[in-house]
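Please open the model in a viewer and keep the sequence panel visible beside it. The tour below proceeds by selection, one stop after another.

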Amino acid sequence: MRLKTFAMFVGPSLVLMLIFIAAPLVMVLWNSFHVTKPLYERVEVETCVPGFPKPTCSTSVKQQPILDEDGKLATETSFVGLDSYRNVLELGRLRSALSDWDWNAANNIEFWQALRFTVVFTLLTMPMVVGTGLLIALAVNSTLASIRGPVIFISLLPFIITPVIGALAIRWLFIGDGILTAALEWWTGHDIAMFAQGWTIEILMYLYRVWHVAPFAFVVFYAGLQGVNQDAIEAAIIDGASRFDRLRYIVVPHLMPLIVFVMLIHLMDAYRVFEEIVGFSSQAYVISLQWLTYDLLIPDEAGTRSISRASASAMLTMIGIIVLLIIPLRRTWRDRRGTH
Amino acid sequence: MSVPRSLRRPLQLTLISNGFLVFWCLIAAFPIVWITVMSFKTPFDAFSSNPFNVILGPETRGLGLGLSLAEIVAGLALAWVLIRLGLKWLPGQVRKYSPQGMGALGWLVGVLFFGIVALVLFFAVLPAAMSVLNPFLGPLGRDALGLTTEHYEAVWIDRNFTRNFGNSMLVTAGVVTISLTVGTLAGYGLARSGTDLAFWLLIIALIFRALPHSVLVAGYLPVFIKSSEILRPILGEAAPTLYGKPWAVIIVLVSINQPFTIWMLRSFFHNIPAELDEAARVDGCSHFKAFRLVIMPVMWPGVITAGLFCSPITISL
């Protein structure tokens, strides 16, 4: 295919991605190095109170925003270098917290708290999702053919449902004296409040994510299981391989590309965890990197959006996902060079 | 054909595997079923800590809203009859009455008609008939299960859910159509070109796929809010503010979805043998003509799958 034809096929998609993904990225990068502030001027104001024999006057100095010709706030954009990054990272606080071995102080810095949760969330749920998906796929594949249809349908329910609604459904089961909390209390004999401390919320979030994503892994693996080479299985049986050996040496290697695919997709999706924070309203205890950017973006009480801090946090988030992606991508790169 | 003994699954394994499956199905379905049950109760019943109170809804029943045993039995019977009719009788009727070559239209009319009749029977005829019958049925006619549809009415009518629903549908339809059109072209181009350029484009698309959306929102927001000022020199006084407009949402979502769409469609195109378009090219087709006349007809399953994967991402926003 000549370059011109290739360009015509890929062009529209490329233009869309350039305008709506690459350009905003450049904007974010630029914003993260600049700060836009409204301009203020100092004005001396003389206020007089009527009095006798002459009015009592006092002068005070006031900060007053400057208006431009259109009557809007005049703003000034200046280059601040890495200041926004410093504001987000708060390295000084982190260093003093770490030198005191004070885990809680380090965890109170928003960015590090978000980073800690996001990374743990991503790396912890990944094996759980792959494992659960594989187990369900194997179980469905070996059950009676007549009940497979309904079982697949039920299994897909958590995946089809909208994430925020799914999170709310789980939340209502546990919040206050929700029936599952009540059941746990009855079982353990303790008073339990699932939403009163960070770690219980975190556990619920992990469980929710596995519940939500495992069906996707299951569908992918189940499709892969249909293509397992039966001759290889028979040969393994003749060679005396046990069930577990067959799984270990034939089925799993056959599924390996799909496992890598699911892990890659999950890595990307789990890293931008956001719905759980909103659905569980957990921002007081647990926040994620994406939620931090969002929080910086929405207007505060004064109505200003801290765009440059949000941009800095967004850039740091992006650097994080690229670091996480390097390992799988290096593999693809090596495969690519191998085939050439 | 009997399975040799050495190949038969041991009983424990079958039990464990099926037990796990039952357990998983319970976990998968329970929250969703439960939230459905809760949606039919008053808040007091819905958040009760006793599960039986949630199911039976004593407070909801106390307000005079509920179903009697006789009503439940009648409702289930009617549902069963309707499902049987829909599966057995309807296809024959549609085939008999729809004109030649208009099967799809016939199905549409048939299903629509059947659906309306079923809804009228279920929500108008059945309650009316049962309210007459209930007083004569004694204990069977007394309310046993608290049930209220007030929340559905509140959401659909008072909160204007129809409008939100319409917006969601509009955006979804727009996103799926545009994504697939642009995505199939790009997917085909990438699948048929083995150059380094195509490889690097795919890797960059993968990195774009991984970007958290808030990274992009941080880039869009300042531009979108000020867009009418920025666009005024080009478009004049009619320059729109993009913030919160459906078509702005559509185009942004299409772009955000692009990386995933082209990756998926590319792998589908990979599975179609390249000999097919080579044959078309030998017969004198241009690349576009070969794509349109030869490749697309065998690609529909892949395109539909990709569409299915695009749409939930959209609906969930």
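Select A:R116 first. In this predicted model, A:R116 is partly exposed, at a relative accessible area of 26%. Now add A:E202, which forms a salt bridge with A:R116, the closest N and O atoms lying 2.9 Å apart. A:E202 belongs to helix α9 (residues 198-225) of chain A and A:R116 to helix α5 (residues 110-142) of chain A, so the pair ties together parts that are 86 residues apart in sequence. The two partners fall in separate accessibility classes: A:E202 counts as buried, at 11% relative accessibility, whereas A:R116 is partly exposed. Over all chains the count is 4 salt bridges, and the following stops visit others.

**The boundary between the chains**

Select A:D269 and B:R209 together. What joins them? The answer is a salt bridge whose closest N and O atoms are 3.2 Å apart. The count between chain A and chain B is 1 salt bridge. The same two side chains, those of B:R209 and A:D269, are also joined by a polar contact of 3.2 Å.

Keep A:D269 selected and add A:R272. These residues form a salt bridge as well, with the closest N and O atoms 3.0 Å apart. Is A:R272 buried or exposed? A:R272 counts as buried, since its relative accessibility is 11% and buried means under 20%. A:D269, by contrast, counts as partly exposed, at 25%.

Turn next to B:R209 itself, which is placed in helix α9 (residues 196-210) of chain B. At 13% relative accessibility, B:R209 counts as buried. Leaving aside neighbours within four places in sequence, the contacts of B:R209 in chain A are A:I265, A:M268, A:D269 and A:R272. In its own chain, B:R209 is in contact with B:P259 and B:F260.

Widen the selection to every residue of one chain in contact with the other. The result is 71 residues of chain A in contact with 78 residues of chain B. Together the two chains bury about 6,600 Å² between them, 80% of it on carbon and sulfur atoms. Between chain A and chain B, 6 residue pairs are in polar contact, with both residues at pLDDT 80 or more. Colour helix α1 (residues 3-33) of chain A: this helix supplies 19 residues, the largest share of the side of chain A that touches chain B. That side divides into 53 nonpolar, 11 polar and 7 charged residues.

**Inside chain A**

Select A:H266, found in helix α11 (residues 243-271) of chain A. A:H266 counts as buried, at 3% relative accessibility. Which residues surround A:H266, leaving aside its neighbours within four places in sequence? The contacts are A:T122, A:T125, A:M126, A:V129, A:R209, A:V213 and A:Y271.

Move to helix α13 (residues 289-297) of chain A, which is mostly covered, with 7 of its 9 residues buried. To display the buried residues of this helix, select A:L289, A:Q290, A:W291, A:L292, A:T293, A:L296 and A:L297.

**Inside chain B**

Show chain B alone. There are 14 helices and 2 strands in this chain. Of the 317 residues of chain B, 38% count as buried. Among contacts in chain B between residues at least 6 apart in sequence, 71% join residues at least 24 apart.

Centre the view on B:I295, in helix α14 (residues 287-315) of chain B. B:I295 is buried, with a relative accessible area of 0%. Apart from residues up to four places away in sequence, B:I295 touches B:Y188, B:R192, B:F269, B:I272, B:L276, B:D277 and B:A290. For one of these, B:Y188, draw the C-alpha to C-alpha distance to B:I295: the value is 9.1 Å, for residues 107 apart in sequence.

Two residues touched by B:I295, B:R192 and B:D277, make the next selection. Their side chains meet in a salt bridge of 3.0 Å, N to O. The pair links distant parts of the chain, with B:D277 in helix α13 (residues 274-282) and B:R192 in helix α8 (residues 161-192), 85 residues apart. Both partners are buried: B:D277 has a relative accessible area of 6%, and B:R192 stands at 17%.

For the last view, return to the boundary between the chains. Salt bridges that share partners join A:D269, A:R272 and B:R209 into one network.

Note on methods: Residues numbered from 1 in each chain as written. Chains lettered and ligands numbered in written order. Predicted model: local features only at pLDDT ≥ 70, side-chain atom pairs only at ≥ 80, totals over all residues. Heavy atoms only, no water. Contact = heavy atoms within 4.5 Å. Buried area = accessible area lost by both parts, 1.4 Å probe. Polar contact = N/O pair within 3.5 Å; in protein donor to acceptor, adjacent residues only side chain to side chain. Helix = DSSP H or I, 4+ residues; strand = E, 2+ residues; numbered from the N terminus. Nonpolar A, V, L, I, M, F, W, Y, C, P; charged D, E, K, R; others polar. Buried < 20%, exposed > 50% of the residue type's maximum accessible area, 1.4 Å probe, protein only.
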